[in-house]
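Trainee: Can we go through this one together? I would like to start with the backbone.

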Amino acid sequence: MPRSGVQGLLTVLQYRRPEVFRHGQRVARLMDAMARRLEVGEVERARWRAGAWLHDVGKLLLPRTLFEARGPLCVEERDCLRQHVEAGEALLRVYLSPAAFTSLLPFVRLHHERYDGEGYPFGLKGDDLPFEVALLSVADAYAAMREDRPYQGAKTHDQALEELVACAGRQFHPRAVEIFLATLGAPTARYSPSSSALISSMNRSTLSNSRYTLANRM
Ligand SMILES: [Fe+2]
């Protein structure tokens, strides 16, 4: 079976789940802006963009009714929704070359992990999560909060940033939140008076600090 690559997957997503495609597109733009701010190289930047665009691709394999719910999901529905990370891995394995699969898997498999270890599927904590995935989880949350959902209106830009700052150090890597705010030109102090500007301390070592490797999860 020929591998149809990232473009093939995105085309399927665009027609089968256009709302997931557009969400991925928004997250990819935010990730690209952060990559430029951090002066990430072109190849790595392209990896961040593709990973961001495809992070929810596993939703292709879940029942459509899950996304049409008019109210909060029940426990069983939430459990089902969580399976999109494993489903995404399965799709990447079929559609992508082994090299592309390996490079994009962390975005798909790990974007619901949390800084405090309370995320899924592995419960990775702190710097065990690759920093680019920590950035993705912030961009993903911001984009989701800014979108209208069937049972919840979109938050304003300020409300969404306040929520990110409130969750920094628990759901999100605090530096990832700082970088996100700085990338959007939002003064950190406005949303978090006690926070000092950590952006200056962000450097390449943060990106290479993550102890997670695919090898220990595959
Ligand atoms: Fe997701």
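**Backbone and packing**

Mentor: Proline 121 sits in the loop between α6 (98-110) and α7; helices here are DSSP runs of H or I with at least four residues, numbered from the N terminus. The model is predicted, so local features need pLDDT of at least 70, side-chain atom pairs count only at pLDDT 80 or more, and totals for chains, interfaces and linings use all residues. Residues are numbered from 1 along each chain as its sequence is written.

Trainee: What is the peptide bond from tyrosine 120 to proline 121, cis or trans?

Mentor: That bond is cis, with omega near 10°. Most peptide bonds are trans.

Trainee: Next, glutamate 39. Which sign does its phi have?

Mentor: Positive, about 55°, although glutamate 39 is not a glycine. The residue is in the loop between α2 (18-37) and α3 (42-54).

Trainee: Is glutamate 39 buried or exposed, and why?

Mentor: Glutamate 39 counts as exposed because it has 8 C-beta neighbours inside 10 Å. With C-beta atoms placed from the backbone, 12 or fewer others within 10 Å means exposed, 20 or more buried, and in between partly exposed.

Trainee: And where is glutamate 89?

Mentor: In helix α5 (residues 84-95). Glutamate 89 counts as partly exposed, because 18 C-beta neighbours lie inside 10 Å. Leaving out residues up to four places away in sequence, glutamate 89 touches Leu105, Val108 and Arg109; contact means C-beta atoms, placed from the backbone, within 7 Å.

Trainee: How far is glutamate 89 from valine 57?

Mentor: They are 8.8 Å apart in space, C-alpha to C-alpha, and 32 residues apart in sequence.

How values were computed: Helix = DSSP H or I, 4+ residues; strand = E, 2+ residues; numbered from the N terminus. Contact = placed C-beta atoms within 7 Å.
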